[in-house]
Protein chains: 2
Amino acid sequence: MKLLKTKQQLRAWRKEQSGPVGFVPTMGYLHEGHAELLKASVEQNDVTVLSIFVNPTQFGPNEDLDRYPRDFERDQALAESLGVDAIFYPSVEEMYSTTTTLSIQPGAMATKLCGASRPGHFDGVLQIVTKLFHIVQPTNAYFGQKDAQQLALIESLVESYDFPLTVHRIPTVREQDGLAKSSRNVFLNNKERKEAAVLFQALQHGKELVESEARTDDVIRSVKAMIETNTSGRVDYVELLSYPNLEVQENAPLSILATAVFFTKARLIDNILIERVNAHA
Amino acid sequence: MKLLKTKQQLRAWRKEQSGPVGFVPTMGYLHEGHAELLKASVEQNDVTVLSIFVNPTQFGPNEDLDRYPRDFERDQALAESLGVDAIFYPSVEEMYSTTTTLSIQPGAMATKLCGASRPGHFDGVLQIVTKLFHIVQPTNAYFGQKDAQQLALIESLVESYDFPLTVHRIPTVREQDGLAKSSRNVFLNNKERKEAAVLFQALQHGKELVESEARTDDVIRSVKAMIETNTSGRVDYVELLSYPNLEVQENAPLSILATAVFFTKARLIDNILIERVNAHA
C-alpha cells in the first residue's frame, strides 16, 4: 500500500493505473461505515484510493475542527487489511496553497437540513471534493448514505458538471442498538451513548407514520418529541423532504426523514429513506 | 476529422486517445484569433478538439444570444484545414439536460471590468468551461488574451480546483489597423469599423502614460477621452488593474489596461498588458 502525501505523488501514481480506480474520500478516524465504502470500492475496481484529510474549509468557526478525532496509524492498518492500494494523506498547506475568489455555491439544496445550521459547510465540502476528484481522477467514488445531504449535493455536482465518474451510495452502518456509526460518537458520554439509540428508533417511528399517511407536520412533531423526551440532547432539526432534491414535497416517490441532535460535545445526524408506493411523482 | 454531437460520442472518442489532447473551446464563427489557438494546440498535442457551442448561460437577458453570428460550415472547413481532429458541436439540450441549484461563483475577480456590466456572465463561462473540461479531459487548453478577464478566471479555476490540465495564454490577433479580431466585429457599420481602430491606439497611448509614471486616474481619463473624442461609441469602462489578479494595485509587476465600448450593435472589448520594470511587487 502506497502512502502519498503530495498531489504530485498522487498524480504520478495515478498515471501508472490503466483500469478502473475506486475512491473513498474521508476525514479519517475510520469506522465500520468507512470500511463498507472501502470494501465496495476494492470489490468493484482494479485499485482503490483512500484519502484522509480533515478539511478546514467545511468547519465553521465554532465547530470541532481542532478536536476532530484522528488516529492515522489505526486508519492505515485498517486500510491495508481491506486491500486499499494507496492512501492520499496531504497537509492543509498542500491542499490550499493558492488563494482564489472563486467558490462553488450549493444554492437552495443547502438551505435545508444541516446547511441551515452549518452555513458554509457544504461550500467547503464541494470545494474539497472537486479538488480531490481532479487530483485522484477516479472511475468510481463511494459515499455513505448517513451524510445524505452531502451525498445528494455531490450527486448533483457530478451530474450537472459532467464529472467523468460514477457516485455510489452506500447504506448507513449501525451499532447493535441502531446508532449510526460516526467518528463523532467517541465524544458521547456514557449516558448520552445509551440515549443516542433513540435517534434511529424515532426515525423508524416517523417512517411508520409517513407510511400510514400521517401529515408531515405531525410526523415531524412526533419524531422531535420522541427524541426530546428520551434523550438529554437538543434537537437541531427534524425534516421530511424529497430525496435527493431536498424539496418540501408531499407524496414524493422517495423521501428522507432526517435529524440532527446536539449532545454535550457532539452533534449527531441520522436519516432514513422512505419509498412511497402509489407516489404522485 | 470527427464531428461529435453528444457527450457520449466525445467520451468514447476520448477513450481511444493515449497521448496529449489539446482543447480549444469556442462559440464558433471562427476568426484568425481562434486559428492561432488551434495552431498552437495542433503543434503541441497529439490530437486537438475544437468545441463550438454558443453557451446561453453566459448571455444576459438583453444581450446578443439570438443574433450571435454562426457559420458552422465555414468553421468546419477552417478546422479541417488547420489539422483539428475532432469538433464537439453539442446542442443546448445536450449540455443542459439536468437542473441543479449549484453554481460556480467568480467572486471579487468578476466585480471589475466586464463582470460589472455583465452580471452572471462569468458564472456562465465558468459553468460551461468546467463541464467541457470534464467531458473533453484535455491535457492542454488554449484561450485568447483578448478575453483577458475570462482567461484570468479560468486560470484561477484550474489552479484552485486542481484541474489536471495546463491553460495556455495566446496573444490577441489584430486587423492591420490594430482592431482586435472578434466574431462581433461583423456587427459594426462602415463608419464604426473605421473608428474602432482607435481602441487599440488609445490603449497603446495609455500604456505609454503608465510607463512614464502617470497617475492611474490620469491614464484612465486620457484613454477614455481619446476613445470618446474619436469614435461614436459609448465607453463602458476603462480600467487599469493588476493581472491576473484584477486588483487595484499601484506598481503591480504586470498590469492590464482594458476597455469595453458600446457601438450600435456590438460591444467591443480590448486590452493591453503592461510589464513594470522596477515593480514594487
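Rings of Phe, Tyr and Trp (the six-membered ring, for Trp) count as a pair when their centres lie within 6.5 Å. With that cut-off in hand, ring pairs in this predicted model tie A:Phe23, A:Phe133, A:Phe143 and A:Phe163 together into a cluster. Taken over all chains, the structure holds 12 aromatic pairs.

One of these is worth a look in both chains. In chain A, A:Phe59 pairs with A:Tyr68 in an edge-to-face arrangement, with 5.9 Å from centre to centre and 75 degrees between the planes. Neither ring sits out in the open, as A:Phe59 and A:Tyr68 are both buried. Over in chain B, the ring centres of B:Phe59 and B:Tyr68 are 5.9 Å apart and the planes meet at 80 degrees, so this pair is edge-to-face; the label applies because the angle is over 60 degrees. As for burial, B:Phe59 has a relative accessible area of 10% and B:Tyr68 comes in at 8%. Both values fall under 20%, so B:Phe59 and B:Tyr68 count as buried.

Aromatic rings also turn up with charged partners. In chain B, the charged end of B:Arg174 is placed over the ring of B:Phe200, 3.5 Å from the ring centre. In chain A, A:Arg267 lies over the face of A:Phe262, and here the distance to the ring centre is 5.8 Å.

Now for how the two chains fit together. Chain B lands on chain A after a rotation of 180 degrees, with 0.0 Å of shift along the axis and an RMSD of 0.0 Å. The two copies are therefore related as by a two-fold rotation axis. The contact residues tell a matching story: 100% of those in chain B recur in chain A, which is to say that the same surface serves both copies. Within chain B, the residue that comes closest to the rotation axis is B:Ile104, whose C-alpha lies 2.2 Å away from it.

Last up is a proline in a loop. B:Pro119 belongs to the stretch of chain B that joins helix H5 (113-117) to helix H6 (121-136). With a relative accessibility of 68%, B:Pro119 counts as exposed, because the bar for that label is over 50%. B:Pro119 also has a partner from elsewhere in the sequence: B:Gly60 is 59 residues apart from it along the chain, yet the two C-alpha atoms are separated by 7.4 Å.

Methods. Residues are numbered from 1 along each chain as its sequence is written. Chains are lettered from A and ligands numbered from 1 in the order in which they are written. This is a predicted model: local features need pLDDT of at least 70, side-chain atom pairs count only at pLDDT 80 or more; totals for chains, interfaces and linings use all residues. Side-chain values use heavy atoms; hydrogens and water are left out. Rings of Phe, Tyr and Trp (its six-membered ring) pair if their centres lie within 6.5 Å; planes under 30 degrees apart count as stacked, over 60 as edge-to-face and the rest as tilted. Buried means under 20% relative accessible area, exposed over 50%, partly exposed in between (1.4 Å probe, protein chains only). A charge sits over a ring if NZ of Lys or CZ of Arg is within 6 Å of the ring centre and within 35 degrees of the ring normal. Copies are superposed by least squares on the C-alpha atoms of residues with pLDDT of at least 70 in both. Contact means heavy atoms within 4.5 Å. Helices (H or I, at least four residues) and strands (E, at least two) are DSSP runs, numbered from the N terminus.
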